[in-house]
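Reader: Hi! I'm in my first year and still learning to read these pictures. Could you take me through the charged side chains and how they pair up?

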Amino acid sequence: MNIKGHEAEKLKDPTGIIEGDRFEFFLELEIDEEDELFSEQGVYLKVIFAVEESGHRIAQYQFLEENTNNSLDFEMEEEEEQAVLAYCSEHYKAVV
């Protein structure tokens, strides 16, 4: 799984309940044809990225099929999660 690009926006918390900031990332993915996650439709990853005093974390994520927006029931492997966390950590500042 390679990240080819993204769209991102800062989420607003009108209630003020959530600690820190939240960003919604839509990551454009390149998936190897041999990977079980592969879809001819294309796959992207929706990530809610949390920035708090204690650090950064992935609060939530979901794989979606590109053309249909259907949810795909897959979990990230540990190395994939680390790569996504690093990517979001590097790119969220451009959204602020």
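Author: Sure, let's go through the salt bridges and then look at a charged patch.

A quick note first: this is a predicted model, where local features need pLDDT of at least 70, side-chain atom pairs count only at pLDDT 80 or more, and totals for chains, interfaces and linings use all residues. Residues are numbered from 1 along each chain as its sequence is written, and side-chain values use heavy atoms, with hydrogens and water left out.

A search of the whole structure turns up five salt bridges. That term means a side-chain nitrogen of Lys or Arg within 4 Å of a carboxyl oxygen of Asp or Glu. One of them pairs E28 with K4, at 3.5 Å from N to O. E28 sits in strand 2 and K4 in strand 1 (residues 2-11), so this pair ties together parts that are 24 residues apart in sequence. Strands here are DSSP runs of E, at least two residues long, numbered from the N terminus. E28 is partly exposed, because its relative accessible area is 38%. The labels work like this: buried is under 20% relative accessible area, exposed is over 50%, and partly exposed is in between (1.4 Å probe, protein chains only).

Now try E52, which bridges to R22 with the closest N and O atoms 3.1 Å apart. E52 belongs to strand 3 and R22 to strand 2, so here the parts tied together are 30 residues apart in sequence. Both E52 and R22 are buried; for E52 the relative accessible area is 17%.

Next up is E24 with K46, whose closest N and O atoms are 3.4 Å apart. This pair also links distant parts of the chain, with E24 in strand 2, K46 in strand 3, and their positions 22 residues apart. E24 counts as buried because its relative accessible area is 13%, while K46, at 27%, is partly exposed. Salt bridges with shared partners also join R22, E52 and R57 into one network.

What about charges outside these bridges? E30, D32, E33, E34 and E40 form a negative surface patch. Patch members have over 30% relative accessible area and no salt bridge, and like charges are joined within 9 Å; Asp and Glu count as negative. Within that patch, E40 lies in the loop between strand 2 (21-30) and strand 3 (43-52). E40 counts as exposed because its relative accessibility is 76%.

Conventions: Patches are made of residues with over 30% relative accessible area and no salt bridge: like charges are joined within 9 Å, nonpolar side chains (Val, Leu, Ile, Met, Phe, Trp, Tyr) within 5 Å. Accessible areas come from the Shrake-Rupley method with a 1.4 Å probe; for residues, only the protein chains shown count as cover. The place of a charge is taken as NZ of Lys, CZ of Arg, CG of Asp or CD of Glu. Helices (H or I, at least four residues) and strands (E, at least two) are DSSP runs, numbered from the N terminus.
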